[in-house]
Structures are given as structure tokens and as C-alpha cells.
Amino acid sequence: MSFPDFRMRRLGLTAAAAIAAIAMVGTAAAQSMVVRSTGPSAGKYPAGAKLKSADKLTLVAGDKIVLMQAGKTRTLSGPGTFGATGTVQASQSLGGNVTRMLAKGPTMRSRGGFSRGPGDETPANVRAPNLWLLDYREAGTFCVLDPAVLMLWRPDMEGDTALEIESAGKKATVAIVDGANFRKWPTDVLPVQYGTDYRLSGGGLARPVTVRFAAMENAPDTVEGSVDMLMAKGCSPQLNRLVDTMSEAEAG
């Protein structure tokens with residue numbers, strides 16, 4: 001075999017490998033993942049399940065499945081049979097909410113709260129504008145990005161209130177003043193410890209809430225990475241917050 005023939009064959013193999021790699025990437029990109037599943041078929045299509053582009057979902061009345069594909073969500077409601085992939089046009093304005101939700105390092109300037117008029121009540125669906133703000137209404141496991149700057153958040157910015165936090169025999173009171181919906185976690189009295197229960201009461205809560213923290217080394221930069229991480233850590237309140245924000249951005 002002459003050297004030119006060998007070089008041409010090697011180039012051909014390289015090109016074939018590149019084409020195969022592109023095909024594999026395209027196949028992976030076409031996959032969808034179940035990020036929320038409710039209804040009678042929830043066990044058949046559990047959250048976290050990966051679906052191929054050729055897969056079909058057969059839903060019955062009462063089913064509601066939220067799929068994520070290429071950083072966007074697609075909501076399917078039963079009854080009916082649906083393909084695992086589909087075209088979704090995301091609203092740019094609502095997509096900005098998703099970007100803010102994933103941003104690292106929330107600041108006191110990111111208010112995202114609700115100001116009431118006379119006689120108004122705080123809407124139950126008002127959510128914290130960033131994943132790393134601890135909405136103390138939400139019980140469960142919370143993924144902490146940076147314990148030193150963990151911030152508590154409330155939806156109602158009006159009126160002074162006091163939140164009581166108790167854990168392992170220690171107690172701290174966090175005062176949130178009128179016009180503010182942020183307050184730093186009291187790390188000086190109750191340092192963030194992972195796998196430990198914290199009981200929160202007062203602060204406008206109808207009943208006490210229990211939270212515990214999960215450690216995070218790094219925050220993913222993508223929606224897909226964030227969803228995977230929150231699922232793996234069991235941080236359901238933050239996962240629901242992200243999925244709800246993504247679902248609102250669906251425009252088609």
C-alpha cells in the first residue's frame with residue numbers, strides 16, 4: 001500500500017467517525033426526559049425517565065406529563081397518544097424568567113416579591129425568582145449553592161414578621177421588616193448542616209415547615225444539568241420551581 005492510499009483511508013475513517021459522532025449527538029439531543037408526572041399513568045412514566053424520539057406516550061384522563069427536550073418543556077395532558085418529541089416555541093420574555101431562575105448569586109436587588117393592595121391576599125403561586133433562594137413555605141430538601149450567603153425569601157413584602165428556626169435544641173429568630181422579602185440565614189447561631197432537620201415556624205406560615213439541606217459542589221450552567229442535579233439530590237421544591245417557570249414559557 002502506498003503512503004497516499006494509507007493517508008486517504010485514514011482520512012476516510014476519520015470522516016466516518018466524525019459523522020457517526022454527529023449522528024450520536026443528534027440522537028442524544030432528540031431524547032426527552034420526564035420532569036413531572038401526575039395522574040393514573042405516573043408510575044408508567046416516572047420523573048427522570050428518558051425517552052427516545054420514536055417513543056410514544058399513551059395517556060388516560062387525568063394524566064399530565066411534562067417533558068423536557070433541548071432545555072424546553074412540553075406539557076402533555078391525557079387522554080391521547082403523543083410522540084416523545086415535538087416542536088416547542090418558547091416565549092422570549094418568559095424565557096428570561098428561566099435565565100434568572102438559574103442565575104448564580106442572587107442579590108438583595110432581585111426583589112421578585114408581591115406587594116398587596118388594601119384587602120388583597122398574597123397569591124399562593126408567587127414563587128421565588130431564583131433557585132438558590134430558600135422559600136421558607138416549602139418543606140423538603142433544599143440544595144444549597146453557598147451556605148455563607150443562603151437567603152430566606154417570602155412572597156409578601158409588606159409588614160414586619162419574625163421567623164423562628166429551631167434545630168438540635170438551638171433556636172434563632174429572623175426578623176423580616178416591612179418592604180423586604182429577603183433575609184440572610186442565621187449562620188452565626190444555626191450554621192447550615194447537611195442532613196439535619198430545621199423546623200421553621202411563624203413568619204406568616206400557616207403551620208410549621210421542616211427543611212433539610214443538601215450539599216452542592218457546583219451549579220450546572222444548563223437547564224438540563226440543573227434538572228438532573230435537583231432530581232439526583234432530591235431537591236423537589238427547587239425542581240418544581242424550575243419546571244413551573246419553564247412550563248410558563250411554553251408558547252406552542
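## Salt bridges

In this predicted model, R137 and D135 form a salt bridge whose closest N and O atoms are 2.7 Å apart. The two partners sit in quite distinct surroundings: D135 is buried, with a relative accessible area of 0%, whereas R137 is partly exposed at 31%. The cut-off for buried is under 20% relative accessible area, so D135 at 0% falls on the buried side.

The structure holds 6 salt bridges, and another of them pairs D244 with R36, with 2.8 Å between the closest N and O atoms. D244 belongs to helix α4 and R36 to strand β1, so this pair links distant parts of the chain, 208 residues apart. Both partners are partly exposed: D244 has a relative accessible area of 26%, and R36 comes to 22%.

R212 and D197 also meet through their side chains in a salt bridge, at 2.8 Å from N to O. Because R212 lies in strand β14 and D197 in the loop between β12 (182–184) and β13, the pair ties together parts that are 15 residues apart in sequence. Here too both residues count as partly exposed, R212 at 33% relative accessibility and D197 at 40%.

## The five-stranded sheet

R212 leads us to its strand, β14, and the sheet around it. This is an open sheet of 5 strands in the order β8-β14-β13-β10-β11, with mixed pairing. Its edge strands are β8 (140–144) and β11 (170–176), each of which pairs on one side only. On average, and ignoring direction, neighbouring strands of this sheet are turned by 30° against each other. Helix α3 packs on the sheet and touches β8 and β14 (209–215), its direction making about 130° with that of β8.

Let's walk across the pairings. β8 and β14 run parallel and are joined by 5 bridges; T141 stands opposite R212 in β14, the residue that also forms the salt bridge with D197. β14 and β13 (residues 198–202) run antiparallel, with 3 bridges between them, and L200 has V209 in β14 as its bridge partner. These two strands form a hairpin with 6 residues between them, and G203 in the turn has a positive phi of about 60°. Towards the other edge, 7 bridges join β10 (residues 161–167) to β11 in an antiparallel arrangement, where E164 has T173 in β11 as its bridge partner.

## The four-stranded sheet

R36 brings us to β1, which belongs to an open sheet of 4 strands. The order is β2-β1-β4-β5, and the pairing is antiparallel. β2 (50–51) and β5 (72–77) stand at the edges with a single partner strand each, so one side of each is left without a neighbour in the sheet. Between β1 and β2, which run antiparallel, there are 2 bridges, and S32 stands opposite L51 in β2.

Two helices pack on this sheet. α3 touches β1 and β4, and its direction makes about 50° with that of β1. α4 touches β1, β4 and β5, with its direction at about 105° to that of β1. Helix α3 therefore has a part in both sheets, touching β8 and β14 in one and β1 and β4 in the other.

## Nonpolar cores

Which residues touch the most other members of the largest nonpolar core? They are C143, V227, L230 and L242, within a core of 22 residues. At least two residues of this core come from each of β1 (32–38), β4 (64–69), α2 (92–102), α3 (223–233) and α4 (236–248). Apart from it lies another core, of 20 residues, among them L134, F142, L163 and A172.

L230 is a good residue to centre your view on. Leaving aside its neighbours within four places in sequence, L230 is in contact with L131, C143, C235, Q238, L239 and L242. In soluble globular proteins, nonpolar side chains tend to be buried together.

## The chain as a whole

The chain's secondary structure comes to 4 helices and 14 strands. Of its 252 residues, 35% are buried. Among contacts between residues at least 6 apart in sequence, 56% join residues at least 24 apart.

The exposed area of the chain is about 13500 Å², and carbon and sulfur atoms supply 55% of it.

How values were computed: Residues numbered from 1 in each chain as written. Predicted model: local features only at pLDDT ≥ 70, side-chain atom pairs only at ≥ 80, totals over all residues. Heavy atoms only, no water. Core = buried A, V, L, I, M, F, W, Y, C linked by side-chain atoms within 4.5 Å. Buried < 20%, exposed > 50% of the residue type's maximum accessible area, 1.4 Å probe, protein only. Contact = heavy atoms within 4.5 Å. Pairing = 2+ DSSP bridges. Axes fitted to C-alpha atoms, helices over the stretch in contact; angles between N-to-C directions. Areas by Shrake-Rupley, 256 points an atom, 1.4 Å probe, with all protein chains shown as cover. Salt bridge = Lys/Arg side-chain N within 4 Å of Asp/Glu carboxyl O.
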